[in-house]
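Hi everyone, thanks for coming. I'd like to walk you through one model today, so let me put it up on the screen.

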Amino acid sequence: MELQKTINRENIETLVRSFYYKAMDDEQIGHYFTLELGEDITNYEWVKHIDILIDFWAKVFLDDPLYNSDPYGPHFTIVDLKKEDFQQWIKLFTQSAQEIYVPELVKQFKTKAIFYSEQFIERLKINPECETLFWNA
Ligand code: HEM
């Protein structure tokens, strides 16, 4: 596939799906997702979650108003979520972005991923000294 030079809802969907295929199989962070959503990415819970995440990124990059919820809430109930898990999240998300977008856009996605991870870490009261750690993910 030719690398995308603009962000649209269609390529956001490709990104979100690509990311979750990696994430659910990942040794470090896969269990957080499969415990909550199940092992089958085509089940109802996953389909709903993927739709929410497409709306979330469409709001971040396209100002699409469909997502109007709180991204932080569901993470409070995840037991033992560590800053290293966010580093791994960013690494997989960046890999997926690299498969789809030109480098300038990959950087924009990575910047947002780091921004939200830092917010999560602050709100979840996880040790926040992680800026360098994240950019090296
Ligand atoms: C290791 C890190 C992370 C883990 C394990 C994780 C896991 C989860 C889980 C289990 C849910 C709830 C699914 C459900 O029951 O519907 C969720 C929701 C969500 N996550 Fe994460 N997440 C992580 C990092 C992130 C990051 C960095 C972002 C943003 C850049 C993000 C954005 C969201 C959003 C927008 C939702 C939906 C919230 C809503 O219901 O409105 N997550 N995540």
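Let me start with a question: which helices do the buried residues of helix 1 pack against? Keep that in mind while we get our bearings.

First, a caution: this is a predicted model. What you see is a protein with six helices and zero strands. If you read along the sequence, the pattern goes α-α-α-α-α-α. The radius of gyration is 14 Å, and the globule rule gives 14 Å for 137 residues, so the protein is as compact as a globular protein of that length. Put a box around the C-alpha atoms, along the principal axes, and you get roughly 40 × 35 × 30 Å. Buried residues are 18% of the 137. And here's one about the fold: take the contacts with a separation of 6 or more, and 61% of them come from residues 24 or more positions apart.

Okay, back to helix 1. This helix covers residues 9-25, which is 17 residues, and at 1.5 Å a residue they should span 24 Å. The end C-alpha atoms are 25 Å apart, which agrees. Its buried residues are Ile12, Leu15, Val16, Phe19 and Tyr20. Looking down the axis of helix 1, you'd find those buried residues within an arc of 125 degrees, so they line one face of the helix. Why does spacing like that work? An α-helix has 3.6 residues a turn, so residues three or four places apart point the same way. And now the answer to my opening question: the buried residues of helix 1 pack against helix 3 and helix 4.

Before we leave helix 1, have a look at aspartate 25, which lies in it. With 13 C-beta neighbours inside 10 Å, aspartate 25 counts as partly exposed. Its C-alpha atom is separated by 9.4 Å from that of glutamate 39, and the two are 14 residues apart along the chain.

On to helix 3. It has 19 residues and reaches 26 Å from its first C-alpha to its last, close to the expected 27 Å. Which of its residues are buried? Ile54, Trp57 and Ala58. Seen down the axis of helix 3, they fall within an arc of 105 degrees, so they too line one face of their helix. Those buried residues pack against helix 1. The face turned away from the buried side carries the exposed residues Tyr44 and Lys48.

Now for the loop between helix 3 and helix 4, where aspartate 63 sits. Just after helix 3, aspartate 63 takes a positive phi of about 60 degrees, in a residue other than glycine. With 7 C-beta neighbours inside 10 Å, aspartate 63 counts as exposed. Aspartate 80 lies in that loop between helix 3 and helix 4 as well. It has a positive phi of about 70 degrees although it is not a glycine, and it is exposed, with 6 other C-beta atoms within 10 Å.

Last stop, the ligand. How many residues surround it? There are 22, and the closest are Tyr32, Ser69, Pro71, Pro74 and Tyr116. By class, the shell has 16 nonpolar, four polar and two charged residues. Helix 2 (30-37), helix 3 (44-62), helix 4 (83-100) and helix 5 (103-123) each supply at least two residues of that shell.

That's my tour. Over to you.

Conventions:
Residues are numbered from 1 along each chain as its sequence is written. This is a predicted model: local features need pLDDT of at least 70, side-chain atom pairs count only at pLDDT 80 or more; totals for chains, interfaces and linings use all residues. Helices (H or I, at least four residues) and strands (E, at least two) are DSSP runs, numbered from the N terminus. The radius of gyration is taken over C-alpha atoms; the globule rule is 2.2 Å times the number of residues to the power 0.38. A residue is buried if 20 or more other C-beta atoms lie within 10 Å of its own, exposed if 12 or fewer, and partly exposed in between; C-beta atoms are placed from the backbone. Two residues are in contact if their C-beta atoms, placed from the backbone, lie within 7 Å. A residue is near a molecule or strand if its C-beta atom, placed from the backbone, lies within 6 Å of it. Ala, Val, Leu, Ile, Met, Phe, Trp, Tyr, Cys and Pro count as nonpolar, Asp, Glu, Lys and Arg as charged, and the others, Gly among them, as polar. The expected span of a helix is 1.5 Å times one less than its number of residues. The arc is that of the directions from the helix axis to the C-beta atoms.
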